[in-house]
Amino acid sequence: MMNSLLEIVWDSGSPPPLVHLAFKFLYIITKVRGYKRFLPLFPHEVRDLQPVLDMLAKQNPRDPETWETRYMLLLWLSMICLIPFDLARFDGNLVSLEGQARQPTMDRILDMAKVRGALPACSHCWFIVRPDVKQSRMADFLDWMLSMLSKSSSQTMEGTVIVNGMLQALVNTAFPLKDCWVYAATVLECLDSCKLSESNQMVLRKLGMKLVQRLGLTFVKPKVAKWRSGAAVQNQKREVSPAEADDDDEEYDIPAEIENVVEQLLVGLKDKDTIVRWSAAKGIGRITGRLPKELADDVIGSLLDCFSFQETDNAWHGGCLALAELGRRGLLLPSRIPDVVPVMLKALTYDEKRGACSVGSNVRDAACYVCWAFARAYEPAELIPFISHISSALVIAAVFDRDVNCRRAASGTFPHGIDILTAADYFAVGNRVNCYLTISVYIAGFSEYTQPMIDHLVNMKINHWDSVIRELSTKALHNITPQAPEYMANVVLPRLLPLSVGSDLHTRHGAILACAEITHALCKLLKLFVFLAVAGGWQWLINDSLRHLTLVSSAARQHIKVQQFLLLHVVTLNTKLEILLLSFDELVTQYVSELQNSEEMIRCGFSRALGALPRFLLKGRLQQVLEGLKKVTVISPEDVSFAEARRDALIAIAKVCQTVGVKGDGCQQEFVCRDNVDQIYATLLTGVTDYTTDSRGDVGGWVREAAMSSLMEVTLLLVQNEAELINASICKQIMCWLAQQSAEKIDKFRAHAGSVFLTLLHFDHPAVPHIPHREELERIFPRWEKETLNWNAASEAFPRITQLLGLPAYQYHVLLGLSVSVGGLTETTLRYSAQSLFDHMKKIQSDPSALGSFCETLLKVFEDNLRNDRVSVPLLTMLDQMLANGCFDMFTEQENHPFPLKLFTLCKEEIKRSKDIRKLRSSIGVFCGLIQFRGDMREKVFFQLFLLLCHPFPIIRKTTASQVYEMLLTYSDVVDPAIMEQAMAILSDTNWEAELPVVRERRNCLCDLMRVPRPQLVAKVRWECAPGAAFSMELSLRMFPASCRTRGMAEAAA
């Protein structure tokens, strides 16, 4: 492939576009394979130099379409420059045939570089280091590069490219050379003037840092300091020649420029990009290794200033990298270790919160690198005083760090290292849950690490910004408690109690979780008596936390409630604490009284607390608890928005029932029995009807979801113990309400209801009794589809649930749920629910009794939810679609069928005095659909539509006219053909958004044309109630037929 492309390039007859295309393909190969592998395959003999130079000279450096050609020619030229042949021999006689001087080849190459702004770095490197070029052209070329650096600005794209090229050339060509030291001061001065540290280009800052450190190396002798730490000397001998290593350590003057170099490198350690900080750290290590001991110690002192909490995480990371480099090279003497180890231990736990996340994982990772470097740079005896602190910090990082790369980096050599690394190897620490809950328990078995691990969790992790870390930390404390129960009881718990009522929400949450977990663990160990001295504060802690849930963020609130209930359960189960608690009657009474608190979160907390009480506290007080929880579930005007409290109360009722158990003939104060089971079910079924909405949306959905779960739990509890307590009426209500929820529009609640519905249907240990139409339900919902049916997908749920319309027991509730879905706004839900409903209607078209039953149920749903906008508005939309799809065609041939008459009456009543635009527009479609029914219906429909043609809202008038026009086109038989064209002209030509008097005149023309009575305005009517008292009613917008005019005004108004 390459030879074929080069043949095109060498062929002088190839057109330029073809040559450019060949070079473009060569460029693609270069990028795929890498130029270092690909470049030696180019021809690179002496005879190739002049042709390549000529081709490069013909290129336009400003042409953006042919840059691949120039790029490949420059690479090719860089390869040819490697030939060991004096370039002066190419020149021969420099006088051409015309008698004009010809430019030397060396100058041609350099001039091409200058014309193009910057030669590629590799081309610079391989050409300028040739002995013949270096001797005669190095100084001039350096002057040119420095002048280009001074004139170019890194704020523009072109200037950035030029500065990039110049810096690469200086880094890769000039200052690796030993004989360029005479130019170092000049280059450093020019570099200072460029202010690369202020550039927003990461590449320029990195190259500037590399150049600074190489300049610094030219100012000091290339020798290795004899004062280095002994263990690192052997590791570093390979980096220098024997002559340099054996050189005498005589004193010599350090140039003043070295201070500038070190200062720039220290600034580079704080750069925002890791690659720049890494380059600066390498430079610090290299230069410090050539300095005298006193100056090197000054550098280390300046470096330690990076580790201040006023500095950013970038400074900490760069400082750790530099410390690691110094340690690896043995440049941190043992005398400095006491200063460095505390800094390193802080870096191992560095974590700063920034917004919704934190920074510091790179700092902790670099701190692990520092530990690795120290272990290889110092003799073991030098680290013995610090080994316990370092090893504990590394073990803690290996197990408890949030980031997997830090946990893996911290795995190293420490006491019991083989045993620990066997359990906490590279792959084991990859799972964070496994680290916290399993590996930590094993490591805590070694006494050296037990207390440091506990202290770290209490001090650093239970107040972590990430709630997952807080929860895992408290669970780890629970698991580690058996290793140090006395320390947990006597030291940790007294520290946690004040934190659990602090102002910081993260700390408060974590402390409460930790108290609960540690208490639970101590209780299991029968060690709870150890902290009797502090247990008097437990009940106060629980009550205080439950009363202040309003101060806690919504994300942490649920966790605090759950852990408070666990703590309450543990404390109340321990009979040794009875003397420290309130009496049982007072405790339950206190909790029940708090259920009527004016703060919603206090109701939530004490509701769930009652659900967590053990059986012996509920014994004899069950009815009191159930009555208190029932009151929380009742919606009143004052607490209509307390949906979370109602949800938690319903959850608590189910928990209480599970705690006390079932006994049919038992006392209602102690068991779920015949006397209270109906009350329990009535409360739970009330929750299924909660459709409260507020600014948060359908908050009643939380209550319905909790009610469905509680109904399932209580029902299964009764079925497994005494199924005869479930009567047929209760079971029917449960299944019907679940079926309704399974047909509604919100996917989450529909899926939950469907799951509960199928759980009760297919439960067989034993089966739930009295389920209506069980056989038909098992045919519609086979047992094998219980786990596979996706209720969240409307395409799967609605074709199944609409089949329940054929079952009389479920028809009302399923139709009620479908009304909300079919008339909803979500496209997917609307499409599949409507299609499923229409499919069912097609099946019953030939069955008059089934269709009649469906219509009666539909009217019943409408009548029961009259003026209930949640149902009536989507129901009108559904009726519009059903009428348009011919679902009631069987009734269109009958005169004055009762179904359309009743439907018309209900629609008219629904929109009476309504200002709801959506409701009014939906009703227009229903009225237009009712025109298809024969009899007196048509005159009533026309009259109602003509009333809407003069509605106060212009959008309603316009919509009515448009839909009446479409109605006349669809049902052309409802109007005399002789007047059809004129009526449609009035509807289409009139501006129905004009003033009402104008519109009313056009409407009256339409009434006269179609022989429909004109609606009339009704004047104000004044009734005398008593002497001196009177009131009037404005009826100016009420309209009546013309026949009303023959009666008295008072009679018409009545």
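The following legends describe an overview and several close-up views of a predicted model.

**Figure 1. Overall composition of the predicted model.** The protein contains 53 helices and six strands. Of its 1054 residues, 52% are buried. Among contacts with a separation of 6 or more, 70% are between residues 24 or more positions apart. The structure holds 38 salt bridges, several of which are presented in the views below.

**Figure 2. Packing of helix α26 against helix α28.** Helix α26 spans residues 467-480 and helix α28 spans residues 505-524; their axes lie 8 Å apart and form an angle of about 25°. Because angles under 35 degrees count as roughly parallel, α26 is described as roughly parallel to α28. The crossing of α26 past α28 is right-handed. On the α26 side, the contact is formed by Arg470, Glu471, Thr474, Lys475, Leu477 and His478. On the α28 side, the contributing residues are His506, His509, Gly510, Leu513, Ala514, Glu517, Ile518, His520, Ala521 and Lys524. Sorted by class, the contact between α26 and α28 comprises five nonpolar, six polar and five charged residues.

**Figure 3. Salt bridge between glutamate 311 and lysine 270.** The two side chains meet with an N to O distance of 3.2 Å. Glutamate 311 is located in the loop between α16 (293-304) and α17 (313-328), and lysine 270 in the loop between α14 (257-268) and α15 (274-288); the pair therefore ties together parts that are 41 residues apart in sequence. Both partners are partly exposed, glutamate 311 with a relative accessible area of 25% and lysine 270 with one of 37%.

**Figure 4. Salt bridge between arginine 867 and glutamate 909.** The closest N and O atoms of this pair are 3.1 Å apart. Arginine 867 belongs to the loop between α45 (848-864) and α46 (869-884), whereas glutamate 909 belongs to helix α47 (residues 898-910). The salt bridge thus links distant parts of the chain, the two residues being 42 residues apart. Arginine 867 has a relative accessible area of 43% and is partly exposed; glutamate 909, at 32%, is also partly exposed.

**Figure 5. Salt bridge between aspartate 1008 and arginine 1014.** In this pair, the closest N and O atoms are separated by 2.4 Å. Aspartate 1008 is partly exposed at 41% relative accessibility. Its partner, arginine 1014, has a relative accessible area of 32% and is likewise partly exposed.

**Figure 6. A network of salt bridges.** Side chains of opposite charge can pair when their charged atoms come close. In this view, the linked residues are Arg608, Glu644, Arg647, Asp648, Asp694 and Arg696.

**Figure 7. Surroundings of threonine 829 in helix α44.** Helix α44 covers residues 827-843 and includes threonine 829. Threonine 829 has a relative accessible area of 4%; because buried means under 20% relative accessible area, threonine 829 is classed as buried. Leaving aside residues up to four places away in sequence, threonine 829 touches Lys745, Asp747, Arg750, Ala794, Phe798 and Ser821.

Notes. Residues numbered from 1 in each chain as written. Predicted model: local features only at pLDDT ≥ 70, side-chain atom pairs only at ≥ 80, totals over all residues. Heavy atoms only, no water. Axes fitted to C-alpha atoms, helices over the stretch in contact; angles between N-to-C directions. Helix = DSSP H or I, 4+ residues; strand = E, 2+ residues; numbered from the N terminus. Parallel < 35°, antiparallel > 145°, perpendicular 65-115°, else oblique. Left-handed = near helix turned anticlockwise from the far one by under 90°. Contact = heavy atoms within 4.5 Å. Nonpolar A, V, L, I, M, F, W, Y, C, P; charged D, E, K, R; others polar. Salt bridge = Lys/Arg side-chain N within 4 Å of Asp/Glu carboxyl O. Buried < 20%, exposed > 50% of the residue type's maximum accessible area, 1.4 Å probe, protein only.
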